[in-house]
Amino acid sequence: MTVPAPYRFVRLGPERRREVVGLDTMVFPTGTSLEDQLTAPDPLTWERTWGIESGPEPGGPLAAIHSTHPLAAYPVPGGHARCGWLTWVGVHPGHRRRGLLRAMITRHLAGCVEAGEVVSGLTAAEPAIYGRFGYGLATRHLELTIPRAAELRPLPGPAAREAAELTVEIADWDPAVHADLVSGVHREHGRRGLGRPGWATWETPALAASRAADTPALRGGLEARKVVLVRGAEVRAYATFRRSLAWEAAGPTGVVRVGGAVGLDPAATHRLWRVLLDLDLMTTIRTPMLALDDPLLDWLLDLRRCSPTYQDNSWLRLVDVPGALTARTLAGDVDVVLELTDDLLPASAGRWRLRGRAWDHPEVTRTDDAAHLSLDVRELSAAYLGGTSLAALAPPGSSRRRTRGRSRRRRRRCRGPSRPWSTGSSEGRGRGSSGGVRSLTRRVGGG
């Protein structure tokens, strides 16, 4: 956690917010002025925010920053884990290639250990960076650009009748009216069935306030946020969106940018998308990040016309191996020895026996037994939420011939019923492909 002279770590507080946002703007260019950015709510957890100062004396200019969102109930297969979400990482372009990013991530991981957080997560601005620090690509998503009035496959009879009976409200976003409604639907969606791994909610007050805000600095030059609510006896689906409109010789060309769209059941979700796909004067609808098993992908009759874009979504790193593995359940019986390497957290390295019954939380213990699979913490972290296969990620030759069948079975037994996906909390922002950056899904970068 040390940095070379003349650098030094320093805890940051809200009194240095102008410097923090100024450095962030230096790292991530924006057309929004610093003064306008400071009008947006502050999403940072300051007791988990650190800077690296430069210069011979304390109180010098900031060369780098990072912060952590403490997520006490991060969803994992069959349970929840304490997670430290790495965010607001930036290294001033004049101070790159000096080991500052490695020092910050080392400090962040030490903070996670101190706080009892068993995993760390992030969304990467530059995906090539984080594997060398033990982060594995844990979730992926799709984004679509849909032509207006794209046809959806109709729901079967009872669900179609149910959808037709639902009411739809389209309104200007009012945090006092809509924030709690939307947050409630979002939380409930993550709990339905057996839950969706990675479906993080807005746990800290700062994140909740940031998510609900709609200041001009957050709009990216678009209109004020709008909201769609689909109701039965209660709100069963919502979407937030912004529009832009241009007038061409052939008529209006409008774009709908959906910040978030969540439904509690097929009838409400189908009705929601039918509304979003047919707004007046619009020609194109751009979706938010969608899970790889989002029902919209099955409902669209012609997915090719919707220009699907496949992207990395969130990156995860195990901080406490037994703590993380026992927080989740298995999809089948398993008894396997993993040999793990971890350059940044040596306490995680070595051989671990993972033993458990289907749908139970496993037992994880140290062992000297021969390993069935040897891998780095990066591979184990990528497979942790169940979205990818340990057998596919393990380095060539790491799995012994006598255990190949067991490797295939492990692939199935680490998966849950829903594909993992990090929803983030940036709905309705105008900046960035994911809809915004002042949030859980804040872009992460540095040098």
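Which backbone nitrogen does a side-chain oxygen of Asp 265 reach at the start of H7? Hold that thought, everyone, and keep in mind that we are looking at a predicted model.

The partner is Ala 267: the Asp 265 oxygen comes to within 3.3 Å of its backbone nitrogen. Helix H7 itself covers residues 266-276, and eight of its eleven residues are buried. Among them are His 270, Leu 272 and Trp 273.

Now let's turn to the sheet. Six strands make up an open sheet, and reading across you meet S7-S12-S11-S10-S9-S8, with mixed pairing. Strands S7 (145-147) and S8 (167-172) sit at the edges with a single partner strand each, so one side of each has no neighbour in the sheet. From one strand to the next, the twist averages 25°.

Let me zoom in on one pair. S9 (residues 226-231) and S10 (residues 235-248) run antiparallel and are joined by six bridges. Here you can find Lys 226 opposite Phe 241 in S10. Helix H5, residues 175-191, packs on this sheet and touches S8, S9, S10 and S11. The direction of H5 makes about 115° with that of S10.

Finally, some backbone details. Ala 5 to Pro 6 is a cis peptide bond, with omega near 10°, and Pro 6 lies in the segment before strand S1. Ser 307, in the loop between helix H8 and strand S13, has a positive phi near 45° without being a glycine. Trp 359 also is not a glycine, and its phi is positive at about 70°. You'll find Trp 359 in the loop between strands S15 and S16, where Trp 359 is exposed, with a relative accessible area of 52%.

Conventions: Residues numbered from 1 in each chain as written. Predicted model: local features only at pLDDT ≥ 70, side-chain atom pairs only at ≥ 80, totals over all residues. Heavy atoms only, no water. Buried < 20%, exposed > 50% of the residue type's maximum accessible area, 1.4 Å probe, protein only. Helix = DSSP H or I, 4+ residues; strand = E, 2+ residues; numbered from the N terminus. Polar contact = N/O pair within 3.5 Å; in protein donor to acceptor, adjacent residues only side chain to side chain. Pairing = 2+ DSSP bridges. Axes fitted to C-alpha atoms, helices over the stretch in contact; angles between N-to-C directions. Contact = heavy atoms within 4.5 Å.
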